[in-house]
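Biologist: I would like a close look at a single part of this protein, please. Could you walk me through what surrounds it and how it fits into the whole?

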Amino acid sequence: MQQEVITDTDEQLIRRMTLEPGESMFWHTDTCRSFTVVVRGTKIAIDYADGEERLLIDVHPGMAGWDEPEPRVHRAINVGTDTYEEVVTFYKASADID
């Protein structure tokens with residue numbers, strides 16, 4: 001996993017992240033609203049640490065959307081055959097983030 005901070009202000013953090021096929025993010029929670037734009041990739045999975053469910057999401061370049069805070073511990077995994085890349089804007093005004 002590679003991450004790059006593009007902008008970090010009091011109000012927002014903009015981060016670029018890439019996952020190679022089979023690679024996963026670290027386990028985490030989402031403490032604020034965010035807006036994600038997919039730059040490249042075909043499919044990701046969201047696993048939850050409680051083991052209850054796995055979400056499979058078909059993605060494509062230009063796909064974009066809002067995410068609400070998620071208190072459950074989870075991680076994204078690139079289950080596609082291509083590199084997954086996203087740019088996310090985290091809105092820090094709604095909560096503290098790390």
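Is V73 buried, partly exposed or exposed, and why does it count that way?

Modeller: Happy to help! A word on the source: this is a predicted model, in which local features need pLDDT of at least 70 and side-chain atom pairs count only at pLDDT 80 or more, while totals for chains, interfaces and linings use all residues. Residues are numbered from 1 along each chain as its sequence is written, and side-chain values use heavy atoms, with hydrogens and water left out.

Now to your residue. V73 counts as partly exposed because its relative accessibility is 37%; buried means under 20% relative accessible area, exposed over 50%, and partly exposed in between, with a 1.4 Å probe and protein chains only. V73 sits in strand β8, which covers residues 70-78; strands are DSSP runs of E with at least two residues, and helices are runs of H or I with at least four, numbered from the N terminus. Leaving aside residues up to four places away in sequence, V73 touches W27, H28 and T29, and also D47, Y48 and A49, where a contact means heavy atoms within 4.5 Å. The C-alpha atoms of V73 and F26 are separated by 9.8 Å, and these two residues are 47 apart along the chain.

One of those partners leads inward: Y48 belongs to the largest nonpolar core, whose ten residues are M17, L19, M25, V38, I44, I46, Y48, V59, A76 and Y84. Such a core is a set of buried Ala, Val, Leu, Ile, Met, Phe, Trp, Tyr and Cys residues joined through side-chain atoms within 4.5 Å. Strands β2 (12-19) and β5 (43-48) each supply at least two residues of this core, and the largest share, three residues, comes from β5. Another core member, I44, touches L55, L56, I57, V59, I77, N78, V79 and Y84, again not counting residues up to four places away in sequence.

Stepping back, the protein chain has nine strands and zero helices. Of its contacts with a separation of 6 or more, 72% join residues 24 or more positions apart. Buried residues make up 32% of the 98 residues. The C-alpha trace spans about 35 × 30 × 20 Å along its principal axes.
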